[in-house]
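Student: I have a structure in front of me and I'm not sure how to read it. Could you walk me through a few features?

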Amino acid sequence: MNFPVEFILLIPVISGILCFLSPRERIISYLSIALAILGTAYTFYVCGPIFLDGTVVEYGFWYVDAMSSFFMMITSTVALMVALYSRGYLGHEREERVLKTGSEKYYYLYLNLFVAVMLAVYSVSSVGMVWIVIEVTTLISTFLVGFYHDERSTEAAWKYLIICSIGITLALIGISLVYASAYQAVPEESMALDWKVLMASAPYLDPALLKTAMVFIVIGFGTKAGFAPMHTWLPDAHSQAPTPVSALLSATLLNCALYSILRFYAISEITIPEFTSTLLIIFGFLSLFIAAMFILNARDIKRMLAYSSIEHIGLISIAFGIGSELSIYAGLFMVMAHSLTKPILFFCAGNIMQAYGTKNMDIVRGMGTKMPFTAALLSIGALAVVGMPPFAVFMGDFFLFLALADAGMWYLLVIAVILIIIIFSGFARHIYPMLTGETTMDVHDPPGISRHAPFLILVVGIILLGVFVPHEMSAALTNIVNTVFGGVI
(Lines give C-alpha, C1' and ligand atoms only; values in the text may rest on other atoms or scores of the structure.)
Protein backbone atom coordinates (compact mmCIF):
# COMPACT_ATOMS: atom_id res chain seq x y z
CA MET A 1 0.00 0.00 0.00
CA ASN A 2 1.36 3.47 -0.91
CA PHE A 3 0.12 5.11 2.28
CA PRO A 4 0.81 2.96 5.37
CA VAL A 5 -1.81 2.59 8.08
CA GLU A 6 0.73 3.19 10.85
CA PHE A 7 1.13 6.81 9.75
CA ILE A 8 -2.41 7.41 11.04
CA LEU A 9 -1.09 6.64 14.52
CA LEU A 10 2.25 8.34 13.97
CA ILE A 11 0.80 11.79 13.25
CA PRO A 12 -0.81 12.29 16.71
CA VAL A 13 2.29 10.83 18.36
CA ILE A 14 4.46 13.39 16.57
CA SER A 15 1.93 16.09 17.46
CA GLY A 16 2.10 15.22 21.15
CA ILE A 17 5.90 15.19 21.19
CA LEU A 18 6.21 18.49 19.29
CA CYS A 19 3.68 20.14 21.58
CA PHE A 20 5.58 18.92 24.62
CA LEU A 21 8.92 20.16 23.26
CA SER A 22 7.59 23.51 22.04
CA PRO A 23 9.37 26.43 23.77
CA ARG A 24 6.27 28.67 23.68
CA GLU A 25 3.01 27.56 25.27
CA ARG A 26 0.88 29.97 23.26
CA ILE A 27 1.71 28.26 19.95
CA ILE A 28 1.11 24.72 21.23
CA SER A 29 -2.62 24.82 20.50
CA TYR A 30 -2.01 25.99 16.92
CA LEU A 31 0.48 23.18 16.42
CA SER A 32 -1.95 20.62 17.78
CA ILE A 33 -4.78 21.89 15.56
CA ALA A 34 -2.60 21.89 12.43
CA LEU A 35 -1.46 18.31 12.98
CA ALA A 36 -5.01 17.24 13.94
CA ILE A 37 -6.21 18.57 10.58
CA LEU A 38 -3.41 16.68 8.84
CA GLY A 39 -4.15 13.52 10.81
CA THR A 40 -7.88 13.64 10.10
CA ALA A 41 -7.30 14.27 6.40
CA TYR A 42 -4.84 11.39 6.20
CA THR A 43 -7.18 9.07 8.12
CA PHE A 44 -10.02 9.80 5.71
CA TYR A 45 -7.69 9.45 2.73
CA VAL A 46 -6.56 5.99 3.82
CA CYS A 47 -9.71 4.70 5.54
CA GLY A 48 -12.36 6.26 3.30
CA PRO A 49 -11.80 3.88 0.36
CA ILE A 50 -11.56 0.90 2.73
CA PHE A 51 -14.87 1.88 4.35
CA LEU A 52 -16.66 2.48 1.06
CA ASP A 53 -15.24 -0.45 -0.91
CA GLY A 54 -15.18 -3.02 1.89
CA THR A 55 -11.56 -3.93 1.20
CA VAL A 56 -9.13 -5.20 3.83
CA VAL A 57 -5.61 -3.89 4.39
CA GLU A 58 -3.49 -6.50 6.14
CA TYR A 59 0.28 -6.63 6.58
CA GLY A 60 2.53 -7.33 9.55
CA PHE A 61 0.37 -6.96 12.64
CA TRP A 62 -1.83 -4.30 11.01
CA TYR A 63 -5.38 -5.18 10.05
CA VAL A 64 -7.90 -2.60 8.86
CA ASP A 65 -11.27 -3.52 7.37
CA ALA A 66 -14.43 -1.51 6.78
CA MET A 67 -15.48 -1.57 10.44
CA SER A 68 -12.01 -0.55 11.62
CA SER A 69 -12.04 2.34 9.15
CA PHE A 70 -15.49 3.42 10.32
CA PHE A 71 -14.34 3.72 13.93
CA MET A 72 -11.02 5.32 12.99
CA MET A 73 -12.67 8.08 10.96
CA ILE A 74 -15.05 8.83 13.83
CA THR A 75 -12.15 9.01 16.28
CA SER A 76 -10.12 11.33 14.07
CA THR A 77 -13.08 13.64 13.47
CA VAL A 78 -13.88 14.00 17.17
CA ALA A 79 -10.18 14.43 18.00
CA LEU A 80 -10.01 17.36 15.57
CA MET A 81 -13.06 19.00 17.14
CA VAL A 82 -11.52 18.55 20.59
CA ALA A 83 -8.22 20.06 19.42
CA LEU A 84 -10.10 23.10 18.11
CA TYR A 85 -12.16 23.57 21.25
CA SER A 86 -9.20 22.98 23.56
CA ARG A 87 -7.42 26.09 22.29
CA GLY A 88 -10.03 28.53 23.58
CA TYR A 89 -10.93 26.45 26.60
CA LEU A 90 -7.36 26.17 27.88
CA GLY A 91 -6.71 29.79 26.91
CA HIS A 92 -9.44 30.83 29.33
CA GLU A 93 -8.05 28.52 32.00
CA ARG A 94 -4.64 30.11 31.49
CA GLU A 95 -6.02 33.63 31.80
CA GLU A 96 -7.86 32.71 34.99
CA ARG A 97 -4.69 31.12 36.34
CA VAL A 98 -6.40 27.76 36.77
CA LEU A 99 -3.53 26.07 34.91
CA LYS A 100 -0.06 25.85 36.33
CA THR A 101 2.85 27.04 34.22
CA GLY A 102 3.90 24.32 31.80
CA SER A 103 0.80 22.19 32.27
CA GLU A 104 -0.49 22.80 28.72
CA LYS A 105 2.47 20.88 27.35
CA TYR A 106 1.46 17.83 29.35
CA TYR A 107 -2.19 18.26 28.36
CA TYR A 108 -1.43 18.18 24.63
CA LEU A 109 1.12 15.40 25.04
CA TYR A 110 -1.35 13.13 26.82
CA LEU A 111 -4.25 14.19 24.58
CA ASN A 112 -2.46 13.31 21.35
CA LEU A 113 -0.98 10.07 22.69
CA PHE A 114 -4.48 9.16 23.85
CA VAL A 115 -5.82 9.67 20.32
CA ALA A 116 -2.97 7.59 18.88
CA VAL A 117 -3.59 4.57 21.12
CA MET A 118 -7.33 4.71 20.48
CA LEU A 119 -6.64 4.58 16.75
CA ALA A 120 -4.32 1.63 17.39
CA VAL A 121 -7.20 -0.35 18.91
CA TYR A 122 -8.88 -0.43 15.51
CA SER A 123 -5.83 -1.17 13.40
CA VAL A 124 -4.10 -4.21 14.95
CA SER A 125 -4.89 -7.78 13.98
CA SER A 126 -4.18 -9.56 17.26
CA VAL A 127 -6.68 -9.82 20.08
CA GLY A 128 -3.76 -9.73 22.48
CA MET A 129 -2.52 -6.46 20.99
CA VAL A 130 -6.00 -4.98 21.26
CA TRP A 131 -6.06 -5.83 24.96
CA ILE A 132 -2.65 -4.23 25.51
CA VAL A 133 -3.59 -1.06 23.63
CA ILE A 134 -6.88 -0.69 25.51
CA GLU A 135 -4.96 -0.97 28.78
CA VAL A 136 -2.64 1.79 27.51
CA THR A 137 -5.69 3.99 26.79
CA THR A 138 -6.59 3.62 30.47
CA LEU A 139 -3.12 4.56 31.67
CA ILE A 140 -2.80 7.63 29.45
CA SER A 141 -6.33 8.92 29.99
CA THR A 142 -5.89 8.59 33.76
CA PHE A 143 -3.46 11.52 33.58
CA LEU A 144 -6.08 13.51 31.66
CA VAL A 145 -8.87 12.69 34.13
CA GLY A 146 -6.66 13.83 37.02
CA PHE A 147 -5.23 16.76 35.09
CA TYR A 148 -6.23 19.45 37.61
CA HIS A 149 -4.51 17.62 40.50
CA ASP A 150 -7.12 18.63 43.06
CA GLU A 151 -8.74 16.25 45.52
CA ARG A 152 -11.79 15.41 43.42
CA SER A 153 -9.99 14.94 40.11
CA THR A 154 -7.34 12.79 41.77
CA GLU A 155 -10.01 10.64 43.40
CA ALA A 156 -11.84 10.30 40.05
CA ALA A 157 -8.59 9.34 38.31
CA TRP A 158 -7.80 6.63 40.84
CA LYS A 159 -11.36 5.31 40.71
CA TYR A 160 -11.20 5.23 36.93
CA LEU A 161 -7.84 3.47 36.93
CA ILE A 162 -8.80 0.84 39.50
CA ILE A 163 -12.25 -0.03 38.14
CA CYS A 164 -11.17 -0.12 34.49
CA SER A 165 -8.06 -2.15 35.38
CA ILE A 166 -10.23 -4.71 37.13
CA GLY A 167 -12.48 -4.80 34.07
CA ILE A 168 -9.58 -5.21 31.67
CA THR A 169 -8.21 -8.01 33.86
CA LEU A 170 -11.52 -9.84 33.53
CA ALA A 171 -11.33 -9.30 29.78
CA LEU A 172 -7.86 -10.86 29.79
CA ILE A 173 -9.28 -13.97 31.46
CA GLY A 174 -11.89 -14.10 28.72
CA ILE A 175 -9.27 -13.72 26.00
CA SER A 176 -7.25 -16.55 27.57
CA LEU A 177 -10.33 -18.77 27.43
CA VAL A 178 -10.86 -17.80 23.78
CA TYR A 179 -7.29 -18.88 23.10
CA ALA A 180 -7.92 -22.17 24.93
CA SER A 181 -11.01 -22.80 22.82
CA ALA A 182 -9.24 -21.92 19.57
CA TYR A 183 -5.65 -23.13 19.63
CA GLN A 184 -6.53 -26.61 18.37
CA ALA A 185 -9.00 -25.31 15.79
CA VAL A 186 -6.73 -22.82 14.02
CA PRO A 187 -4.10 -23.73 11.40
CA GLU A 188 -1.24 -22.53 13.60
CA GLU A 189 -1.27 -22.10 17.37
CA SER A 190 0.46 -18.72 17.06
CA MET A 191 -2.54 -17.45 15.08
CA ALA A 192 -5.14 -18.34 17.71
CA LEU A 193 -5.67 -14.68 18.66
CA ASP A 194 -5.83 -13.22 15.15
CA TRP A 195 -9.20 -11.61 14.30
CA LYS A 196 -9.36 -12.98 10.77
CA VAL A 197 -8.31 -16.50 11.77
CA LEU A 198 -10.75 -16.56 14.68
CA MET A 199 -13.61 -15.58 12.39
CA ALA A 200 -12.71 -18.32 9.91
CA SER A 201 -12.34 -20.90 12.70
CA ALA A 202 -15.46 -19.87 14.64
CA PRO A 203 -17.50 -23.01 13.77
CA TYR A 204 -14.77 -25.19 15.30
CA LEU A 205 -14.21 -23.37 18.60
CA ASP A 206 -15.04 -25.08 21.90
CA PRO A 207 -18.60 -23.90 22.78
CA ALA A 208 -18.32 -24.46 26.55
CA LEU A 209 -15.08 -22.52 26.86
CA LEU A 210 -16.34 -19.77 24.58
CA LYS A 211 -19.49 -19.27 26.66
CA THR A 212 -17.43 -18.70 29.77
CA ALA A 213 -15.04 -16.50 27.81
CA MET A 214 -17.82 -14.26 26.53
CA VAL A 215 -19.14 -13.64 30.04
CA PHE A 216 -15.71 -12.37 31.09
CA ILE A 217 -15.24 -10.42 27.85
CA VAL A 218 -18.61 -8.66 27.96
CA ILE A 219 -18.23 -7.79 31.64
CA GLY A 220 -14.54 -6.90 31.29
CA PHE A 221 -14.67 -4.73 28.20
CA GLY A 222 -18.19 -3.65 29.19
CA THR A 223 -16.70 -2.01 32.27
CA LYS A 224 -14.61 0.21 30.00
CA ALA A 225 -17.57 0.74 27.64
CA GLY A 226 -19.75 2.00 30.47
CA PHE A 227 -22.24 -0.84 30.83
CA ALA A 228 -24.24 -0.71 34.05
CA PRO A 229 -23.65 -1.76 36.79
CA MET A 230 -19.89 -1.52 36.01
CA HIS A 231 -20.31 2.14 35.01
CA THR A 232 -19.50 3.80 38.32
CA TRP A 233 -16.15 5.24 37.16
CA LEU A 234 -17.70 7.05 34.24
CA PRO A 235 -19.72 9.90 35.87
CA ASP A 236 -16.79 10.80 38.15
CA ALA A 237 -14.23 10.73 35.33
CA HIS A 238 -16.40 12.78 32.97
CA SER A 239 -17.23 15.25 35.71
CA GLN A 240 -13.67 15.93 36.85
CA ALA A 241 -11.69 15.78 33.58
CA PRO A 242 -11.13 18.94 31.52
CA THR A 243 -14.26 19.39 29.43
CA PRO A 244 -12.61 18.69 26.03
CA VAL A 245 -11.28 15.45 27.52
CA SER A 246 -14.78 14.57 28.77
CA ALA A 247 -16.03 14.94 25.19
CA LEU A 248 -13.27 12.64 23.94
CA LEU A 249 -13.92 10.05 26.65
CA SER A 250 -17.61 9.97 25.87
CA ALA A 251 -17.48 10.11 22.08
CA THR A 252 -14.46 7.88 21.36
CA LEU A 253 -13.04 5.99 24.35
CA LEU A 254 -16.24 4.06 25.00
CA ASN A 255 -16.20 3.04 21.34
CA CYS A 256 -12.83 1.30 21.79
CA ALA A 257 -14.22 -1.17 24.32
CA LEU A 258 -17.44 -1.53 22.34
CA TYR A 259 -15.44 -2.36 19.20
CA SER A 260 -13.63 -5.15 21.06
CA ILE A 261 -16.91 -6.62 22.28
CA LEU A 262 -18.36 -6.47 18.78
CA ARG A 263 -15.42 -8.37 17.28
CA PHE A 264 -15.85 -11.18 19.81
CA TYR A 265 -19.63 -11.00 19.43
CA ALA A 266 -19.33 -11.65 15.68
CA ILE A 267 -17.19 -14.72 16.41
CA SER A 268 -19.19 -16.12 19.31
CA GLU A 269 -22.57 -15.95 17.61
CA ILE A 270 -21.31 -18.44 15.03
CA THR A 271 -20.19 -20.90 17.71
CA ILE A 272 -22.83 -20.27 20.40
CA PRO A 273 -25.79 -18.54 18.72
CA GLU A 274 -27.88 -16.12 20.83
CA PHE A 275 -25.68 -16.42 23.93
CA THR A 276 -23.72 -13.17 23.61
CA SER A 277 -26.69 -11.39 22.05
CA THR A 278 -28.72 -12.13 25.18
CA LEU A 279 -25.94 -10.74 27.36
CA LEU A 280 -25.86 -7.56 25.28
CA ILE A 281 -29.62 -7.06 25.54
CA ILE A 282 -29.54 -7.57 29.33
CA PHE A 283 -26.69 -5.12 29.89
CA GLY A 284 -28.23 -2.74 27.35
CA PHE A 285 -31.54 -2.43 29.16
CA LEU A 286 -29.87 -2.31 32.56
CA SER A 287 -27.71 0.58 31.34
CA LEU A 288 -30.73 2.33 29.85
CA PHE A 289 -32.66 2.01 33.13
CA ILE A 290 -29.80 3.22 35.33
CA ALA A 291 -29.16 6.17 33.00
CA ALA A 292 -32.84 7.19 33.03
CA MET A 293 -33.03 7.19 36.83
CA PHE A 294 -29.87 9.23 37.34
CA ILE A 295 -30.54 11.72 34.52
CA LEU A 296 -33.92 12.50 36.05
CA ASN A 297 -32.31 13.53 39.35
CA ALA A 298 -29.00 14.97 38.13
CA ARG A 299 -27.60 18.28 39.35
CA ASP A 300 -24.09 18.28 37.82
CA ILE A 301 -24.36 18.95 34.08
CA LYS A 302 -21.32 16.85 33.20
CA ARG A 303 -22.55 13.91 35.28
CA MET A 304 -25.89 14.14 33.48
CA LEU A 305 -24.09 13.98 30.15
CA ALA A 306 -22.06 11.02 31.40
CA TYR A 307 -25.25 9.13 32.18
CA SER A 308 -26.52 10.08 28.73
CA SER A 309 -23.46 8.28 27.33
CA ILE A 310 -24.40 5.22 29.38
CA GLU A 311 -27.90 5.46 27.89
CA HIS A 312 -26.55 5.46 24.34
CA ILE A 313 -24.13 2.62 24.97
CA GLY A 314 -27.14 0.72 26.30
CA LEU A 315 -29.18 1.42 23.17
CA ILE A 316 -26.28 0.42 20.93
CA SER A 317 -25.84 -2.80 22.92
CA ILE A 318 -29.53 -3.60 22.51
CA ALA A 319 -29.32 -2.98 18.78
CA PHE A 320 -26.46 -5.44 18.35
CA GLY A 321 -28.10 -7.90 20.72
CA ILE A 322 -31.19 -8.17 18.52
CA GLY A 323 -28.89 -9.51 15.83
CA SER A 324 -30.84 -8.69 12.68
CA GLU A 325 -29.46 -6.90 9.65
CA LEU A 326 -31.54 -3.81 10.43
CA SER A 327 -30.63 -3.74 14.12
CA ILE A 328 -26.88 -4.07 13.52
CA TYR A 329 -27.15 -1.32 10.91
CA ALA A 330 -28.96 0.74 13.57
CA GLY A 331 -26.20 0.00 16.09
CA LEU A 332 -23.47 1.19 13.75
CA PHE A 333 -25.45 4.29 12.83
CA MET A 334 -26.04 5.07 16.52
CA VAL A 335 -22.31 4.80 17.24
CA MET A 336 -21.70 7.51 14.65
CA ALA A 337 -24.65 9.65 15.76
CA HIS A 338 -23.69 9.58 19.44
CA SER A 339 -20.03 10.29 18.74
CA LEU A 340 -20.87 13.40 16.72
CA THR A 341 -23.62 14.65 19.04
CA LYS A 342 -22.17 14.30 22.53
CA PRO A 343 -19.19 16.69 22.04
CA ILE A 344 -21.68 19.50 21.31
CA LEU A 345 -23.17 19.12 24.78
CA PHE A 346 -19.83 18.76 26.55
CA PHE A 347 -18.51 21.86 24.77
CA CYS A 348 -21.66 23.70 25.91
CA ALA A 349 -20.97 22.47 29.44
CA GLY A 350 -17.44 23.85 29.18
CA ASN A 351 -18.74 27.27 28.15
CA ILE A 352 -21.26 27.25 31.00
CA MET A 353 -18.74 26.20 33.63
CA GLN A 354 -16.26 28.88 32.64
CA ALA A 355 -18.95 31.57 32.51
CA TYR A 356 -20.94 30.72 35.65
CA GLY A 357 -18.13 29.08 37.62
CA THR A 358 -20.24 26.03 38.45
CA LYS A 359 -21.43 22.67 37.10
CA ASN A 360 -24.60 22.85 39.20
CA MET A 361 -27.54 23.23 36.83
CA ASP A 362 -29.73 24.65 39.61
CA ILE A 363 -27.55 27.77 39.71
CA VAL A 364 -27.36 28.41 35.96
CA ARG A 365 -30.13 30.72 34.76
CA GLY A 366 -30.70 33.28 32.05
CA MET A 367 -28.58 31.69 29.33
CA GLY A 368 -31.06 32.65 26.63
CA THR A 369 -30.30 36.37 27.08
CA LYS A 370 -26.78 36.27 28.52
CA MET A 371 -25.23 33.50 26.37
CA PRO A 372 -27.41 33.22 23.24
CA PHE A 373 -24.91 31.21 21.17
CA THR A 374 -24.27 28.60 23.88
CA ALA A 375 -27.98 28.54 24.75
CA ALA A 376 -28.93 27.83 21.14
CA LEU A 377 -26.33 25.08 20.83
CA LEU A 378 -27.33 23.58 24.20
CA SER A 379 -30.95 23.47 23.00
CA ILE A 380 -29.93 21.82 19.73
CA GLY A 381 -27.60 19.36 21.47
CA ALA A 382 -30.21 18.40 24.07
CA LEU A 383 -32.91 17.83 21.45
CA ALA A 384 -30.46 15.88 19.32
CA VAL A 385 -29.16 13.61 22.07
CA VAL A 386 -32.64 12.62 23.30
CA GLY A 387 -33.55 11.53 19.78
CA MET A 388 -35.69 14.33 18.39
CA PRO A 389 -35.88 14.93 14.62
CA PRO A 390 -34.23 16.09 12.41
CA PHE A 391 -31.00 14.92 14.07
CA ALA A 392 -28.87 11.81 13.59
CA VAL A 393 -29.71 10.18 16.92
CA PHE A 394 -33.39 10.22 15.92
CA MET A 395 -32.57 8.16 12.84
CA GLY A 396 -30.61 5.67 14.93
CA ASP A 397 -33.45 5.34 17.44
CA PHE A 398 -35.96 5.00 14.60
CA PHE A 399 -33.95 2.15 13.03
CA LEU A 400 -33.70 0.47 16.45
CA PHE A 401 -37.44 0.70 17.07
CA LEU A 402 -38.13 -0.75 13.63
CA ALA A 403 -35.72 -3.60 14.37
CA LEU A 404 -37.40 -4.36 17.71
CA ALA A 405 -40.82 -4.38 16.04
CA ASP A 406 -39.55 -6.49 13.15
CA ALA A 407 -38.12 -9.03 15.62
CA GLY A 408 -41.46 -9.17 17.46
CA MET A 409 -39.92 -7.80 20.67
CA TRP A 410 -42.86 -5.54 21.41
CA TYR A 411 -42.46 -5.61 25.18
CA LEU A 412 -38.83 -4.56 24.88
CA LEU A 413 -39.86 -1.81 22.46
CA VAL A 414 -42.37 -0.47 24.97
CA ILE A 415 -39.80 -0.54 27.79
CA ALA A 416 -37.22 1.24 25.62
CA VAL A 417 -39.71 3.95 24.61
CA ILE A 418 -40.78 4.52 28.24
CA LEU A 419 -37.18 4.86 29.41
CA ILE A 420 -36.31 7.23 26.57
CA ILE A 421 -39.35 9.38 27.47
CA ILE A 422 -38.09 9.51 31.07
CA ILE A 423 -34.66 10.60 29.81
CA PHE A 424 -36.29 13.26 27.62
CA SER A 425 -38.19 14.48 30.69
CA GLY A 426 -34.97 14.62 32.67
CA PHE A 427 -33.23 16.73 30.06
CA ALA A 428 -36.23 19.06 29.75
CA ARG A 429 -36.43 19.39 33.53
CA HIS A 430 -32.80 20.51 33.77
CA ILE A 431 -32.12 22.34 30.49
CA TYR A 432 -35.22 24.54 30.18
CA PRO A 433 -34.70 26.44 33.47
CA MET A 434 -31.06 27.07 32.48
CA LEU A 435 -32.18 28.73 29.26
CA THR A 436 -34.88 30.85 30.88
CA GLY A 437 -35.01 32.72 34.15
CA GLU A 438 -32.83 35.64 35.14
CA THR A 439 -29.36 36.07 36.55
CA THR A 440 -27.42 39.03 37.89
CA MET A 441 -24.13 37.37 37.01
CA ASP A 442 -21.99 39.03 34.34
CA VAL A 443 -21.73 36.10 31.92
CA HIS A 444 -21.32 35.99 28.16
CA ASP A 445 -20.47 33.64 25.31
CA PRO A 446 -16.73 32.98 24.98
CA PRO A 447 -15.16 34.71 21.97
CA GLY A 448 -12.99 33.15 19.30
CA ILE A 449 -13.44 30.93 16.28
CA SER A 450 -12.03 27.92 18.13
CA ARG A 451 -14.99 28.13 20.54
CA HIS A 452 -17.52 28.37 17.69
CA ALA A 453 -16.24 26.29 14.77
CA PRO A 454 -16.48 22.83 16.44
CA PHE A 455 -20.12 23.48 17.35
CA LEU A 456 -21.11 24.52 13.85
CA ILE A 457 -19.28 21.67 12.14
CA LEU A 458 -20.85 19.05 14.39
CA VAL A 459 -24.35 20.53 14.20
CA VAL A 460 -24.23 20.56 10.41
CA GLY A 461 -23.07 16.93 10.49
CA ILE A 462 -25.82 15.62 12.78
CA ILE A 463 -28.53 17.50 10.86
CA LEU A 464 -27.33 16.19 7.50
CA LEU A 465 -27.22 12.62 8.85
CA GLY A 466 -30.66 13.09 10.38
CA VAL A 467 -32.21 14.33 7.15
CA PHE A 468 -30.27 12.50 4.49
CA VAL A 469 -28.01 9.46 4.73
CA PRO A 470 -25.79 9.34 1.62
CA HIS A 471 -26.28 6.20 -0.42
CA GLU A 472 -22.55 5.43 -0.32
CA MET A 473 -22.49 5.56 3.48
CA SER A 474 -25.62 3.44 3.80
CA ALA A 475 -24.16 0.87 1.41
CA ALA A 476 -20.87 0.83 3.34
CA LEU A 477 -22.65 0.26 6.68
CA THR A 478 -24.72 -2.51 5.09
CA ASN A 479 -21.53 -4.07 3.80
CA ILE A 480 -20.07 -4.08 7.35
CA VAL A 481 -23.23 -5.78 8.57
CA ASN A 482 -22.96 -8.49 5.93
CA THR A 483 -19.21 -9.08 6.06
CA VAL A 484 -18.29 -8.67 9.73
CA PHE A 485 -21.60 -9.79 11.22
CA GLY A 486 -22.70 -12.20 8.51
CA GLY A 487 -22.63 -15.11 10.96
CA VAL A 488 -24.97 -13.26 13.34
CA ILE A 489 -27.88 -12.30 11.10
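Tutor: Sure, and keep in mind that this is a predicted model. Let's begin with one side chain: at 0% relative accessibility, serine 339 counts as buried, because buried means under 20%.

Student: Where does serine 339 sit?

Tutor: Serine 339 is part of helix α13.

Student: What does the side chain of serine 339 reach?

Tutor: A polar contact pairs N or O atoms within 3.5 Å. Here the side chain of serine 339 reaches the backbone oxygen of alanine 251, at 2.8 Å.

Student: Which helix packs with α13, and at what angle?

Tutor: That's helix α12, residues 301-322, while α13 covers residues 325-356. Their angle is about 175 degrees, and the axes are 9 Å apart. Angles over 145 degrees count as roughly antiparallel, so that is how α12 and α13 run relative to each other. As for the residues of their contact, 17 are nonpolar, six are polar and two are charged.

Student: Let's try another serine. Is serine 268 buried or exposed?

Tutor: Serine 268 counts as buried, because its relative accessibility is 0%. You'll find serine 268 in helix α10, which spans residues 243-271.

Student: Which side chain does the side chain of serine 268 join in a polar contact?

Tutor: Threonine 276: the two side chains are joined by a polar contact of 2.7 Å.

Student: How do I spot parts of a chain that are apart in sequence but meet in space?

Tutor: Compare the numbering with the distance between C-alpha atoms. Leucine 248 and valine 78 are 170 residues apart along the chain, yet their C-alpha atoms are separated by 6.9 Å. Leucine 248 is also in helix α10, and with 0% relative accessibility this leucine counts as buried.

Student: What about empty space inside? How many cavities of 30 Å³ or more are there?

Tutor: A cavity is a space where a probe fits but cannot get out. The count here is one cavity of 30 Å³ or more, and the largest cavity has a volume of about 190 Å³. It is lined by 20 residues, and those closest to its centre are Pro12, Ala36, Ala79, Asn112 and Val115.

Student: Which elements give two or more residues to that lining?

Tutor: They are α1 (6-21), α2 (28-53), α3 (66-95) and α4 (103-121). The largest share, six residues, comes from α2.

Student: And what classes of residue make up the lining of the largest cavity?

Tutor: The lining has 13 nonpolar residues and seven polar ones, with no charged residues.

Methods. Residues are numbered from 1 along each chain as its sequence is written. This is a predicted model: local features need pLDDT of at least 70, side-chain atom pairs count only at pLDDT 80 or more; totals for chains, interfaces and linings use all residues. Side-chain values use heavy atoms; hydrogens and water are left out. On a 1 Å grid over the protein atoms alone, a cavity is a set of points where a 1.4 Å probe fits but cannot get out, and a pocket is an open set with protein on both sides within 12 Å along at least five of seven lines; lining residues have an atom within 4 Å of a point. Grid points are joined across faces, edges and corners, and a volume is the space filled by probe spheres set on the points. Helices (H or I, at least four residues) and strands (E, at least two) are DSSP runs, numbered from the N terminus. Ala, Val, Leu, Ile, Met, Phe, Trp, Tyr, Cys and Pro count as nonpolar, Asp, Glu, Lys and Arg as charged, and the others, Gly among them, as polar. Axes are lines fitted to C-alpha atoms, for helices over the stretch in contact, and angles run from 0 to 180 degrees between N-to-C directions. Angles under 35 degrees count as roughly parallel, over 145 as roughly antiparallel, 65 to 115 as roughly perpendicular and the rest as oblique. Buried means under 20% relative accessible area, exposed over 50%, partly exposed in between (1.4 Å probe, protein chains only). A polar contact is a pair of N or O atoms within 3.5 Å; within protein, one must be able to donate a hydrogen and the other to accept it, and residues adjacent in sequence count only if both atoms are side-chain atoms.
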